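Subject: Handing over a structure

Hello,

Here is the structure I promised to pass on to you. Please open it alongside this email, and then read on for what turned up in it.

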Amino acid sequence: MWDTSQYQEFYELKERSMQGGGQAKIEKQHSKGKLTARERLALLFDEGTFVEIGGAIESRIPDFGMDEKKVPGDGVVTGYGKIAGRLAFASSEDFTVIGGTLGEAHAGKICAIQDMALEMMAPIIMINDGGGARIEEGVCSLSGYSGMFLRNTKASGVIPQIAVIMGPCAGGACYSPAICDYVFMVQDSSHMFITGPKVVKTVTGETITLNELGSAEVHTTKSGVAHFAYPDDASCLAAVRRLLGYLPGNAKQAPPVVNGTPVDRSWKIEQIVPQNQRKPYDVRRVIRTMVDEDSFFEIQARWARNAVVGLGRIDGKAVGFVANQPDFMGGSLDYDCSDKMARFIRSCDCFNIPLVVLIDVPAFLPGSRQEHNGIIRHGAKLLYAFSEATVPKISLIMRKAYGGAYIAMNSKRMGADMVFAWPLAEIAVMGAEGAVEIMCKEAIAEAPERREQIIEDYKRQFLNPYLAAARGYIDEVIEPADTRKRIAAALEMLAGKECRPIPKKHGNIPL
């Protein structure tokens, strides 16, 4: 047997690393409703599977009293484990150690675990809870961020990268989450901003609070930076685990198949969707008629609400849904929802998740605000994303599909593999009223009383799906009651789809 004195230094080092900034700071963290870095990892990973790496690494900077502040681990816990039985990697910043600030050693640990995740082709979850760059370490701290951003970019589209903001995330620290595939925040306790309220006040004269500047509410409703917000750490981490259940470990794999409860409530569609094209409805109710029970997981639900995007399952297999939302702004397309849909489409395409597109769109939203904020450029992102995607793409025209918005929403000649339409679908350059005002203005001027009859004649002759079907722009007109059956059959048929991309360095998406 070895002399137990051999273990004394080992145990002391391990204890110091486990304690982080000490019991007083841990209690302070808890008093704010926040878990510690290690408690978060314990909830994220399957019980007993997390393995720490680099627990003894510490800062080597002696200046400004740093030699007295250093703690083994340097304010971040890194390692790997299993989530729902599958390998995943993680970093978790420890606010109890020098405010979770990022120094040279801290960044080196994160970069090392990023490298390992990419080499092992497994997801990485990066939990942020720190005060940004460690001022005492100067350019070494800034350089650390550079290495992280480079690795985020190299891993983009190769492995899922999920950022979880569970405290402050300021300055350069914001850009790593921004490059990740999905961003989670915790209500009340998390904030993201490039410059804080004091700097904003000094530089611009604007007075603004921390919450007004970068709270979870701001980033899930106004900026669109964050995809999800939850009331506390535990529910947030449970949602991260749920999201990973829809994603493959890497871009070479298929998403996991989950044995759920298949649902076909297509018979309810006629009760949900009004025949009157002007009446709104909630498209999420249509999605829930076809996805497996309780499987729809909406993404960015509170931002750009004229579009709905999210993940669901049909017969246990992951599907990405992209839909116009008639319940908000009539489902018209604007610059924000174009970005929202384009980003989600590309994310699904990265990770081999087929797309189902539900279309009920009157137009790109007109007006000077849209034009001046770049609706042409933002709308082009949506066109680009659909055209670029090589996963199976199935469209369903539910009611109206007018003008450029029809083209943008995964139309047949934009590369849709299968396009269905319900019998009440209208595909046209514009609605009947606008069309007859242009084409029949002389006839209406001569006999104003005939205007309504002319509109009805136009609708009957042109605003139906059969003309488009006759030209091959719609593959099949289907009954609403057959919707899930036909979509599920199309997904099964397209499961083996292969595309050979044209060799190139990369496309030049209109950012």
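Below is a short tour, going from the whole chain to single residues.

A word on the ground rules: this is a predicted model, in which local features need pLDDT of at least 70 and side-chain atom pairs count only at pLDDT 80 or more, while totals for chains, interfaces and linings use all residues. Residues are numbered from 1 along each chain as its sequence is written, and side-chain values use heavy atoms, with hydrogens and water left out.

**The whole protein**

The protein has 22 helices and 17 strands; these are DSSP runs numbered from the N terminus, with helices being H or I of at least four residues and strands being E of at least two. Its C-alpha trace spans about 100 × 60 × 45 Å along the principal axes. The radius of gyration is 26 Å, which agrees with the value near 24 Å for a compact globule of 511 residues. That figure is taken over C-alpha atoms, and the globule rule is 2.2 Å times the number of residues to the power 0.38.

Of the 511 residues, 50% count as buried. Buried means under 20% relative accessible area, exposed means over 50%, and partly exposed is in between, using a 1.4 Å probe and protein chains only. Among contacts (heavy atoms within 4.5 Å) between residues at least 6 apart in sequence, 72% join residues at least 24 apart.

**Two alanines around β3**

Alanine 88 sits in strand β3, residues 86-93. Its relative accessibility is 1%, so alanine 88 counts as buried. Beyond its neighbours within four places in sequence, alanine 88 is in contact with Phe45, Tyr80, Gly81, Ile83, Pro123 and Ile125. Alanine 117 is 29 residues from alanine 88 in sequence, and their C-alpha atoms are 7.4 Å apart.

Alanine 84 belongs to the loop between β2 (76-83) and β3. With a relative accessible area of 62%, alanine 84 is exposed. Leaving aside neighbours within four places in sequence, alanine 84 is in contact with Asp46 and Arg241. Alanine 84 and glutamate 58 are 26 residues apart in sequence, with 32 Å between their C-alpha atoms.

**Into helix α5**

Threonine 101 is in the loop between β3 and α5 (104-120), and at 13% relative accessibility threonine 101 is buried. Not counting residues up to four places away in sequence, threonine 101 touches His106, Gly131, Gly132, Ala133 and Arg134.

The 17 residues of α5 should span 24 Å at 1.5 Å a residue, which agrees with the 24 Å between its end C-alpha atoms; the expected span is 1.5 Å times one less than the number of residues. Buried residues in α5 include Ala105, Ile110, Ile113 and Ala117. After α5 comes methionine 121, with a positive phi near 55°.

**Aromatic rings**

The count comes to 12 aromatic pairs. Here rings of Phe, Tyr and Trp (its six-membered ring) pair if their centres lie within 6.5 Å, and planes under 30 degrees apart count as stacked, over 60 as edge-to-face and the rest as tilted. Phenylalanine 228 and tyrosine 230 are stacked, because their ring centres are 6.4 Å apart and their planes are at 25°. Phenylalanine 228 is also stacked with phenylalanine 297, with centres 5.1 Å apart and planes at 20°. Phenylalanine 228 lies in strand β9 (residues 228-230) and phenylalanine 297 in strand β10 (residues 297-299), so this pair ties together parts 69 residues apart in sequence.

Phenylalanine 228 is buried at 5% relative accessibility, and phenylalanine 297 is buried at 4%. Both belong to one aromatic cluster with Tyr182, Phe184, Tyr230 and Tyr246. Arginine 242 lies over the face of phenylalanine 297, at 4.3 Å from the ring centre. A charge sits over a ring if NZ of Lys or CZ of Arg is within 6 Å of the ring centre and within 35 degrees of the ring normal.

**Cysteines**

How many disulfides does the structure hold? Zero, where a disulfide is a pair of cysteine sulfur atoms within 2.5 Å. For cysteine 174, the nearest cysteine sulfur is that of cysteine 169, 4.3 Å away. The sulfur of cysteine 236 is 13 Å from the closest cysteine sulfur, in cysteine 169, which is too far for a bond. Cysteine 174 is buried at 7% relative accessibility, and cysteine 236 is buried at 0%.

Enjoy exploring!
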